[in-house]
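Student: Got a minute to go through this structure with me? I'd like to talk about charge pairs, cysteines, cavities and the core.

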Amino acid sequence: MLKRESPLHIFNHHSLTKINDITIQELQHTTKINLRGSLNNNNFISNVGKVFNDVLPSKANTFVKFKSLCIIWLGPNEWLITEKNEKNKIILLEKLQKAVGSSEASVTNISENRTVIQISGTKIFTLLAKFLTLDFDKCFAKPTNVAQTLFVKVPVLLVRTYEAMQVPTLDIYVNRSQANYVYKLLVDGAVNLDF
């Protein structure tokens, strides 16, 4: 049987790395579920809402949090549901598939498709500015903001995971095949960061 490894584990880059007061770490094996459906379908919205005891976010580039679950808006009819406790994945998938039922909607387990690189530190926006063009003050003005952008040429999803007055922390969702490339650029950028 093959051993399950995270994208950065195979390169020995999965442990916490601290460089110039910036921490970089892969959050291994987090649950990631893609949900698609129409906000105009009241049955779909009602049934999925019962699973989370909350409504799906309908505002662009935002997320809602329910206990350890995070529901991220990706588009007008698409959401990414994440859960850091992987043990809940099977139950969550079953509940969502039952909620969706026969409606025109889909639930897909994409846990192995992407990984999450978490970066933290007071200078993370200076670091990220080396690799992407984004108005960080505008994009992350609220604690429930996300941004979909290009990291150099790699599509990434940036999720704000800190409250006001806390050390800035972002989760970077990146495709498995490009995780090592993004990780190496982050490390190299942190080493050469001018304070």
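**Working through the model**

Tutor: Sure, and let's begin with E78, which counts as buried because its relative accessibility is 17%; buried means under 20% relative accessible area, exposed over 50%, and partly exposed in between, with a 1.4 Å probe and protein chains only. Before we go on, this is a predicted model, where local features need pLDDT of at least 70, side-chain atom pairs count only at pLDDT 80 or more, and totals for chains, interfaces and linings use all residues. Residues are numbered from 1 along each chain as its sequence is written, and side-chain values use heavy atoms, with hydrogens and water left out.

Student: OK, which residue does E78 form a salt bridge with?

Tutor: With R36, the closest N and O atoms being 3.1 Å apart. A salt bridge here is a side-chain nitrogen of Lys or Arg within 4 Å of a carboxyl oxygen of Asp or Glu. This pair links distant parts of the chain: E78 is in strand β6 (residues 78-83) and R36 in strand β3 (residues 31-36), 42 residues apart. Helices (H or I, at least four residues) and strands (E, at least two) are DSSP runs, numbered from the N terminus.

Student: And R36, buried or partly exposed?

Tutor: R36 is partly exposed, at 37% relative accessibility.

Student: How many salt bridges does a search of the whole structure find?

Tutor: Three. Another one joins D171 and K84, at 3.6 Å from N to O. D171 sits in strand β11 (residues 169-175) and K84 in the loop between β6 and α2 (89-100), so this pair ties together parts 87 residues apart in sequence. D171 is buried at 3% relative accessible area, while K84 is partly exposed at 49%.

Student: What about R176, which residue does that pair with?

Tutor: R176 forms a salt bridge with E112, and their closest N and O atoms are 3.7 Å apart. Both are in loops: R176 between β11 and α5 (179-191), E112 between β7 (106-109) and β8 (114-120), so parts 64 residues apart in sequence get tied together. R176 is partly exposed at 33%, and E112 is partly exposed at 37%.

Student: Switching topic: which residues line the largest cavity?

Tutor: R176 and E112 turn up again, and the lining also includes R4, E26, H29 and K32. By class, the lining has one nonpolar, five polar and six charged residues. Ala, Val, Leu, Ile, Met, Phe, Trp, Tyr, Cys and Pro count as nonpolar, Asp, Glu, Lys and Arg as charged, and the others, Gly among them, as polar.

Student: Now cysteines. How many disulfides does the structure hold?

Tutor: Zero; a disulfide would be a pair of cysteine sulfur atoms within 2.5 Å.

Student: Why no bond for C70?

Tutor: Because the closest cysteine sulfur, in C139, is 17 Å away from the sulfur of C70, too far for a bond. C70 is buried at 8% relative accessibility, whereas C139 is partly exposed at 22%.

Student: Last one: how many residues are in the largest nonpolar core?

Tutor: It has 31 residues, and those with the most contacts inside it are I24, I117, I119, L128, F151, I172 and L186. A nonpolar core means a set of buried Ala, Val, Leu, Ile, Met, Phe, Trp, Tyr and Cys residues joined through side-chain atoms within 4.5 Å.

Student: Which element gives the most to this core?

Tutor: α5, with seven residues. Among the other elements that give two or more are β2 (22-27), α3 (124-128) and β9 (146-151).

Definitions and conventions. On a 1 Å grid over the protein atoms alone, a cavity is a set of points where a 1.4 Å probe fits but cannot get out, and a pocket is an open set with protein on both sides within 12 Å along at least five of seven lines; lining residues have an atom within 4 Å of a point.
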